[in-house]
Amino acid sequence: MIKARKNNMKKSIILLTLVALVVLLAGCGGKKTSEELPDSTIKVNGDTPSWKNDKATAELDWYINFDWFAQTWGNDVSSKYITKDTGVSISYLGGSDDKLNTMMASGDLPDIITMDGNNPFVKDADKFAIPLDVLAKKYDPYFLDKAAKPETLKFFTRDDGHIYGYPNFSNTKSDYEKGGIYGNQAFLVRKDIYEQLGKPDMTTPEGFISALEAAQKLGTKDELGKTVIPIGVSPFTEENPEKNGVFNRTLADFIGVPMLTKDGKYYDRYTDADFQKWLKVFVDARQKGLADRDMITMTKDDKDARLTNGSYFAYFASDLNGEPDPLSVWGKEHPDKEYIAVNGPASTIGNKTVLPGTSIEGWTQTFITKNAKNPQKAMELVTYLVSEYGNNVMNFGREGETYTIKDGKPVLNPDLLEFKQTDPAGFEKKVGLTTHLWLQDSALLSRQMGISQFPKALQQPKKWTQDYVAPQFELASLDVYLSKESSRNKEKIDQNWAQTIAKILDAKSDSEVDQAMNEFIQYRKDNGYDKLVEERNNQIAANVKKLQ
């Protein structure tokens with residue numbers, strides 16, 4: 001695993017060092033200003049989205065920069081309705097950073113690109129993307145006037161006055177005030193074992209280890225006849241949002257380690273005393289044979305198989321959204337043994353659990369490139385998908401066909417809702433509603449659909465998170481605009497942390513844990529950590545200014 005991560009780090013460093021050349025090449029051609037764009041084919045105004053008046057059709061290529069992405073357009077309910085409304089049909093393309101790098105270097109770009117909001121290319125979007133504000137003013141002012149969120153537009157307006165990419169899942173201050181935002185982390189236990197043990201308190205180090213030991217003594221068998229593993233955690237894989245199980249931030253979030261110092265500066269969570277104490281609790285669990293032996297090397301498929309077979313007593317999840325299929329299979333077959341969320345590791349010094357809900361920067365950003373064959377239709381599609389109407393089509397389909405209005409809110413037909421909640425994978429493939437999510441407003445969906453938006457297996461865990469979710473706007477896009485030097489150093493430090501966590505979890509004593517941490521701290525110091533923190537503090541200050 002460490003070897004693989006070194007290769008990934010090398011790829012990332014190569015990517016970062018090529019960015020300057022890449023964006024230069026990508027920016028050499030294409031349309032740059034409003035004057036160079038074709039005139040609008042229709043008369044536009046800010047009160048009506050242009051797709052309603054523009055009856056032209058277009059076929060656009062949309063690249064999604066995730067190698068796991070394999071969705072198609074036109075086979076599901078949602079995309080059929082979108083094409084019927086807008087006249088736009090999509091050829092989806094998927095890939096990894098290597099493919100994106102190649103496209104940027106060649107200048108052969110698709111019409112639309114979606115990438116993670118933390119991707120290094122984001123900060124150089126002015127070289128490959130047409131500003132959305134320029135496109136909107138020329139083709140679809142409804143985007144700026146009605147469809148997009150004002151707070152999100154303000155946050156994504158750069159120093160040059162332009163907005164290049166628009167996010168999905170952008171939750172603003174007003175969204176949090178309206179409620180209905182869920183977290184994505186949970187400490188899950190098998191309900192039958194948890195109740196058999198008398199619902200033990202697992203919030204303290206002593207109670208945590210005691211409950212795992214008690215679960216082990218029960219000798220409960222999983223679906224395959226193997227003894228249940230007392231505890232497992234999310235896999236240490238690149239496709240997982242948290243690359244090191246739960247040891248990048250989930251554990252720290254649960255035990256309430258601050259994100260900022262009292263004076264609003266970046267806080268070093270890894271060296272926090274309470275975080276270190278709980279790391280040693282997990283080391284203790286490993287030493288006593290209470291934790292998954294394959295914790296560090298386990299693949300996603302391994303993890304899915306164990307959840308599907310009920311092989312864990314406790315499972316610490318850093319990404320609930322990635323667990324619906326295995327949890328649904330197990331819960332459907334064993335409803336009395338389903339996995340439920342309970343209070344897990346907690347602060348030993350009185351800090352409260354604080355889980356991150358999606359913040360104002362969202363998850364991904366979507367750009368219309370300078371190579372767009374039909375920038376007008378591309379802008380109309382973006383406006384459509386960002387708008388409340390477009391979100392309703394994405395999430396619910398067509399009123400009278402796939403949903404009805406009850407108490408002013410769209411409600412999926414009962415058969416579709418049951419399908420979505422019990423077979424999320426089948427629903428995504430055959431129906432597609434809520435799955436074309438690259439410009440989705442997750443807060444709007446939550447206000448409309450509530451907990452029923454989630455598969456049944458996730459509903460109790462998602463509901464559990466609501467009491468602990470809090471916005472962290474100050475930290476938005478924290479590492480997106482780092483200098484090249486700090487970006488490279490961040491990659492090296494992240495890689496060293498992955499190696500350090502592996503050493504810590506395999507440690508035989510507390511002194512080995514301390515030694516590994518001291519070596520990590522020295523490595524950071526020798527690799528630009530102070531400058532990295534300085535730049536992060538500058539971004540925090542810039543965020544605070546934008547949010548005023």
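This passage looks at how two domains of the protein chain meet, and then at some side-chain pairs. The model is a predicted one.

The domain assignment splits the chain in an interleaved way: domain 1 takes in 40–170 + 362–442, while domain 2 takes in 186–356 + 473–547. Measuring from C-alpha centre to C-alpha centre, the two domains sit 33 Å apart. Where they touch, eleven residues of domain 1 are in contact with 14 residues of domain 2. Putting the two together buries about 1100 Å², and carbon and sulfur atoms give 55% of that area. On the domain 1 side, Lys123, Phe155 and Pro424 lose the most area to domain 2, and together they make up 50% of what that side buries.

What holds polar atoms together across this interface? The rule picks out four residue pairs in polar contact between domain 1 and domain 2. Salt bridges, on the other hand, number zero across the interface. Two helices show up on the domain 1 side: helix 7 (150–156) and helix 18 (424–430) each supply at least two of the residues that touch domain 2. Sorted by class, that side of domain 1 has four nonpolar residues, four polar ones and three charged ones.

Now for the aromatic rings. The structure holds 35 aromatic pairs. One of them is formed by Tyr182 and Phe454: the ring centres are 5.1 Å apart and the planes stand at 85°, so this pair counts as edge-to-face. Tyr182 comes from the loop between helix 8 (173–178) and strand 5 (186–190), and Phe454 from the loop between helix 19 (442–449) and helix 20 (456–465), so the pair ties together parts that are 272 residues apart in sequence.

Charged side chains come next. Side chains of opposite charge can pair when their charged atoms come close. Across the whole structure, the search turns up 29 salt bridges. Among them is the one between Lys149 and Asp441, with 3.0 Å from N to O. Lys149 is in the loop between helix 6 (142–147) and helix 7, and Asp441 is in the loop between helix 18 and helix 19, so this pair ties together parts that lie 292 residues apart in sequence.

Key
Residues are numbered from 1 along each chain as its sequence is written. This is a predicted model: local features need pLDDT of at least 70, side-chain atom pairs count only at pLDDT 80 or more; totals for chains, interfaces and linings use all residues. Side-chain values use heavy atoms; hydrogens and water are left out. Domain bounds come from an automatic or database domain assignment. Contact means heavy atoms within 4.5 Å. Buried area is the accessible area (1.4 Å probe) that two parts lose on being put together, summed over both. A salt bridge is a side-chain nitrogen of Lys or Arg within 4 Å of a carboxyl oxygen of Asp or Glu. A polar contact is a pair of N or O atoms within 3.5 Å; within protein, one must be able to donate a hydrogen and the other to accept it, and residues adjacent in sequence count only if both atoms are side-chain atoms. Helices (H or I, at least four residues) and strands (E, at least two) are DSSP runs, numbered from the N terminus. Ala, Val, Leu, Ile, Met, Phe, Trp, Tyr, Cys and Pro count as nonpolar, Asp, Glu, Lys and Arg as charged, and the others, Gly among them, as polar. Rings of Phe, Tyr and Trp (its six-membered ring) pair if their centres lie within 6.5 Å; planes under 30 degrees apart count as stacked, over 60 as edge-to-face and the rest as tilted.
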